[in-house]
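Biologist: I am new to this structure and would like a close look at a single part of it, chain C. Could you take me through how that chain is built, and then go down to one residue within it?

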Amino acid sequence: MGARVNTAAAGTANWVDERTSIGGFVKFFARKLFPDHWSFMLGEIALYSFVVLLLSGVFLTAFFVPSMDIVTYEGPLATMQGVEMSKAFESTLHMSFEVPGGLLMRQIHHWSALLFTAAIVTHMARVFFTGAFRKPRELNWLVGFTLMILSLAAGFSGYSLPDDVLSGNGLRIIEGVTRSIPIVGEYISYWIFGGEFPGEILIPRLFTMHILLVPGLILVLVALHLFLVFLHKHTQYPGGGRTDKNVVGLPLFPVYTAKAGGFFFVVFGIIALVAAIFTINPVWNYGPYDPSPVSAGTQPDWYILFVDGALRLMPGWLFDVIPMEWEIWGYTLSLNLLIPALIMPGLFFGFVALYPWIESWATGDRGEKHVLDRPRNAPVRTGIGVALITFYVILVMEGSNDIIANLFHLSLNDLTYFFRIGIFVLPVLAFWITRRLCIGLQRKDRELVLHGKETGRIVRHEHGEYQEVHEPLTDHERWVLVSYDDISPLEIEPEYNDRGVRRKGYRWDRFKQRLSRIYFEKRISPVTPEELEAAKHEHH
Amino acid sequence: MSTTENPTSHESDNTPESFEDPGLPYHRPRRADVDPKAEKKAERQVAALFGVSIVGTVVAIGSYMALDMTDEIDSIRFVNMAIGIGIFLAMIGIGFGAIHWAKTLMRDHEMVEERHELRSSEEGRAGAIQNLKDGAEDSGISGVKRRPVLVGTGVFAMLLAPLAILWPQIGNMGADWNTSNFGHTMWRKGMRLTRDPDGTPIKASDVTIGSAFHVIPEGLNELEHHKIEEKAKAVVLLLRLDPRDLKIPEGREDWSFDGIVAYSKICTHVGCPVALYEQQTHHLLCPCHQSTFDVSDGAKVVFGPAKRPLPQLPIAIDDEGYIIAQSDFHEPIGPSYWTRLSDTSDGLHADETEGSSH
Amino acid sequence: MNALARHRYHRAAPVVLVLLLLALVTGVAAAVSNASSAEAATTATADDAAEGQKLFAANCASCHGLDATGTEGVAPSLVGVGAAAVDFQVGTGRMPMQSSGPQAIAKRPQFTAEEISQLAAYVASLGAGPAIPTEEQVDPELGDPANGMELFRTNCAMCHGSVGGGGALTQGKYAPNLWETTPTHIYEAMLTGPQSMPVFNDANIDPEGKRDIIAYLKAQDEGSPGGLRLGTIGPVAEGMWGWLVALGLIIASTVWIGARSS
C-alpha cells in the first residue's frame, strides 16, 4: 500500500516537475529556516484573518444585493415590517434572519475585519519596537504600511455596505470632510457620490471597491510582502550563535508547515467562536439609512475611530475667540475639518511610513541588520513608539468620550477639555518616561552582567560581614545582555575645508548630526570584558 | 560597585576585546525524544485533537440539518451559535493537533543557515548595466544615434493616453457636476412644516413649550426623484421656548413665532443630524462630534468643533394655523465648503419673489 | 422518571437544584411585585388629594414651596404638570432628589404606590395636566413595533441609543437606559418631558405612536439574534472586545505555539 502511494506520488511529482521544474523551488523552500518566537506570528494573524475574510466574504456575496433601490420589507423581523429600505439593507436582513448560518457568516466576516486591522497594527508595533524595519527591510516596511492603509479602506468600504443609519452617518461625515478640501472638495464629493449625498450609486461603487479593487491590491501586496520575507530571510532575536550573517531556526517543512498551517485553523476557530457568541454590527437595530435620524454612540469601527476622535477634539473656536474656519477673499477654509481629518492623519501616517529613513539618518549605519534590538537597547525609538501609541490612544478615547462619560458618570465636556491638553502633553510625557525606563533597564542589565544574579543566600565572612552571594551569569545569558550595537552620535566633517571653502551638503549633514544626538547622546554602553574583570576583582 | 555609575561617559573608541559569541546553546531533548511512553502519549493527544475536529464538523453540519430556524429571535441565535461552535471545534481541533504534533514529535533542534548579502555581485551589476546600455543604444534612447524627438513624443503620448480613458469615465462619475445644489434646499415660501417621518402638518398650537418636533418639508414623501438627497438637506428641528428665554438675533425678529423657532438639523461641522435637544438648557448637541448649539441665542456654538451657528428657517403661520416656511434657508445648510459664501449671496431660489430679499 | 432518579446522585445535581430554586423564588417575587403595581394603579382615586397634600407638605414643599409654585433657581412650579409627571418622577425614585448633581437619578422609590397616587392626585388638583395613562394605552402587545422603530429612531435614538441602551448628554447629564423602565413610566416621560428631555405631547407623537414606541422597546427583550449584545453601544464596544477577546485569545495561543515543549 505504502509503496503504491509512494510510486503514485513520485509519478505525479515527476509529471509536474517535467513541466515546471518545480524541483528546484521545492529544494529551496522545503528546508528554509524560520526562527521560533511567538511575536513572529502576529503578521500571520493578519494574513489568516484576511483568508477568513475572503472565505466568509465569498459566502456573503452570494446573498448581498448591492443596490440602493427602495423596497418595502416583508420579512420575518417584526420591528421592520413594512419599512422602506434599500435592497442592500433588505438583503442584509434576509441573510441574517432567514439564512441559517448567514448571520454567523456576517459576524465571522466583521469580527475578522476587526481582527485583521488589529493584528496588522500589533504586527507593525512588533516590527517597530524590535527594529526589524532596518536595512534591508525598509521597502518591506513600506509594503506593510500600504497594506495597513488598504486594510482601513477595505474595512470602511465594507462597513458602509449594509446601508444602515450608523454607517450612513459615517459616510455623511466622509462627505463633509471631502467637501472641506479647498477648491476641488465639492467636485471630489460629486465624483464619489455621483452627485449630491447620498445619491443612488454609492453602494454599488463601494461594493466594487470592497470586493474587487481593494482585496485585489491587498492580495498583490501580500504576495510581495511574503516574497520579500523569503528573500530577506526572517530576522531573529539576539542570542548565542545568532548573528547578522546567519539564521537559526526550524525548517519550513515539516515544522512550520504544521505550526503555521495549524495556526491558521486556530485563528479561524477563535474567530468562529467569537462570532458564535458575540453580536457585531446589529444593523437591524440601526435601521435602514435615512438622513434624519442618528443614534447615541455614533462611531466608526475602531480603526477609523482615531480620526473621529480628532474631529471631536478640534475646537471650532480656539480659546473661544479665534475661529478655526476662515473666510478669505470670499472663500471658506475649514481648518476645523482639514486639520483633524486630513492633515493630522497625513502627518501621523507619513511619519510612520518614513520612520526607517529617519532612523537611518540618525545612525549613519549602512550595514544589514538581521539581529533584532531588544526595545530597551533603543530607548529613543522605543520612546517614540510609545509616544505615537499614546497619541493614537488619546484620539481613540476622545472618539469614545460619550461612551466613557456614560460608563463612568463623567462629563464628556470635561473629558474633551482634558484630552485637548493631553494630546500635547501626554505623548511627550510618555516618550520621556519610556526612555527613562529603557535606560533604567539597561543599567539593570549592566548590573546583572557585572555582579551576577542575586541568589538569596547570605553568607557571613570571617571578619563578621554579611553578604549575599551573587551567581555570575552563564556565557549565554551574558551574551544576550552585552551583544548590542553601541552607537555614538554622528561625527561630521567641518563646514569649511582647510582652504576655507564651504562644503556642499553641510546643512543636511548637520541635520543628521542633530538627529543622531537626540538618539544617542544619552546612552548606556554594553559591558566590556575589561569592565567585567574589574568588577570581579572588586568583589574579592 | 562604582564601575556601573558612569556608563554614559564611557568612550567606545579604543574598544577593548569584546565578548565572544558563545555559539548555539546546548540542545536539551524533550521528554518525547527520550521516553517512548511520552512519545506515545503525545501521539494519542494529537489524535484526540484531530478527533475533536471531526466531532466539530459533525456538530456544524448536524446543527444546520437538524435545527429548525423560525422567525423567533431565540431560534436564530441558537442555530447560528450551534453552527459557529461546530466550526470552532472543527478548526481548533486541526489547529491544536497539528501544532502539538509539531511541538512534541517533530524536530525541535534548531538548524543554522547562512545569509548572503542581498547586494548583487560586482560582476552581476556590471553585466546589468552593460545590458541596459546596449538596449538603450539599440533603441536610440541614448548613445551615438540618439533620437530625442522619438523619446520626447513617446513619453508625452504615454503620459497623455490614460486621459483618453479617464477623462470620459471620471467625467461620468460626477453626474451633472452641478455643485451649486449644495447652496439651497427644497424649502419654499408657504411650504408647510410637517412631521418626520409621516409628513403631517403641524399647528402652532401643537408645539407646546419644551417640545421638539423633527420636521420635513411638505411634499417630501411624494417626491419621485432625489427624495433622500432632498431630505438630507431639508430636515429641520422645530422647538418652542419660553419667549422670555429667547434672544432673537438682529434682523430675524419676524423669523420665529411666539417662541417657536426652526433650525436646520444638519450640523455645520461635518453634517451629522444635530438632534439631541436638552429642553432645560436649550442646548442642541450633535452626537457625532459633540458640537453644542444654544437655541436660545441664535443657535450659536457653545462647545465643540463647529464654528458657525445652525442656519435658521424663517417661519410664519398660515390661515389655518399651520406652521409654514417664509422662504428657503438664507445660507447653505451643513458643513462648510470652499465656495459656500458665493452660494450664500444668491442661495435663494430665483422663483421666490417675496420673502427672499435678505 | 427512572432516568431522573438515576441522576439524583450526579455531581451537578446540587447545582441544578439550586438553580431551580432560584428560578422559582425570582418567578414568585416577580409575579407578586407585578400584582402589587397593577393593584396600585387601579386603587388611586381623586379623594386622595387631601392625603397627598399632607405628604407634599412634609416631603416636597421644602423645594417646591408649600403652594407648589416652585422656588426660583431651585425647583420648578408644579402647577399644571399633571399626575403623569408626579407618577414618573416619584415612581422612578427621581424625586425627592437626594443630592444635587447634573441630573436627578432614578433610584428605589421613596413612597408606596398608594402614597404616589395620593401625591399625584394632589398635584393634578392644582391645575390641568397630563394624566397617568391607562393599562391599555401602554400595552406593548397592542402596539406596532415597526412604526415604533421609525418613531423611536427619529425622536429618541439620538439620546437613548438605537435600541434604548442609553447615552451621554452634555456636562455629565445622560439619557438613561430604557430596558428596565416600565411601559407606564416610558409613556409618562414622553408626555411630560422630565428634566433635559423634550416634551412629546399627543400632537407630536399621538397615543398610538407612543404605544408603538413601547412595543418597539419591549421587542428588545428578546435579545439579539447574533448572541451577546455587548451593551448595544456600538462599534466602540465591538472594537474593545475584538482587541481583548479575539486578539487576546489568539496571542495567548501564539505564546503556546512559540514555547518550547518540555
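Modeller: Helices, of at least four residues, and strands, of at least two, are taken here as DSSP runs and numbered from the N terminus. On that basis, and bearing in mind that this is a predicted model, chain C has eleven helices and two strands. If you read along the sequence, the order of these elements in chain C is α-α-α-α-α-α-α-α-β-β-α-α-α, with the two strands of the chain written one after the other in that pattern.

Chain C holds 262 residues, and buried ones make up 45% of them. Among the contacts in chain C whose separation is 6 or more, 67% are between residues that stand 24 or more positions apart.

The next level is that of domains. Chain C is divided into domain 1, which covers 36-132, and domain 2, which covers 133-230. Taken over C-alpha atoms, the centres of domain 1 and domain 2 of chain C are separated by 22 Å. To the contact between them, domain 1 of chain C gives 15 residues, while domain 2 of chain C gives 14 residues. Sorted by class, the side of domain 1 of chain C that touches domain 2 of chain C has nine nonpolar, five polar and one charged residues.

For the single residue, I suggest C:Asn147, which lies in helix H7 of chain C, a helix that runs over residues 145-155. C:Asn147 counts as buried because it has 22 C-beta neighbours inside 10 Å, and the cut-off for a buried residue is 20 or more such atoms. Once its neighbours within four places in sequence are left aside, C:Asn147 is in contact with C:Gly209 and C:Asp212. With C:Asp212 the two kinds of distance can be set side by side, since C:Asn147 and C:Asp212 are 65 residues apart in sequence and 6.1 Å apart in space, counted from C-alpha to C-alpha.

To place this in its setting, it may help to look briefly at the other chains. In the model, 89 residues of chain B are in contact with 104 residues of chain A, and H3(B) gives the most to the side of chain B that touches chain A, with 18 residues. By class, that side of chain B has 49 nonpolar, 22 polar and 18 charged residues. Strand E4 of chain A, residues 246-251, also pairs with E1(B) in the antiparallel sense over four bridges, and the bridge partner of A:Asn246 in E1(B) is B:Glu114.

Notes: Residues numbered from 1 in each chain as written. Chains lettered and ligands numbered in written order. Predicted model: local features only at pLDDT ≥ 70, side-chain atom pairs only at ≥ 80, totals over all residues. Contact = placed C-beta atoms within 7 Å. Nonpolar A, V, L, I, M, F, W, Y, C, P; charged D, E, K, R; others polar. Pairing = 2+ DSSP bridges. Buried ≥ 20, exposed ≤ 12 C-beta atoms within 10 Å, placed from the backbone. Domains from an automatic or database assignment.
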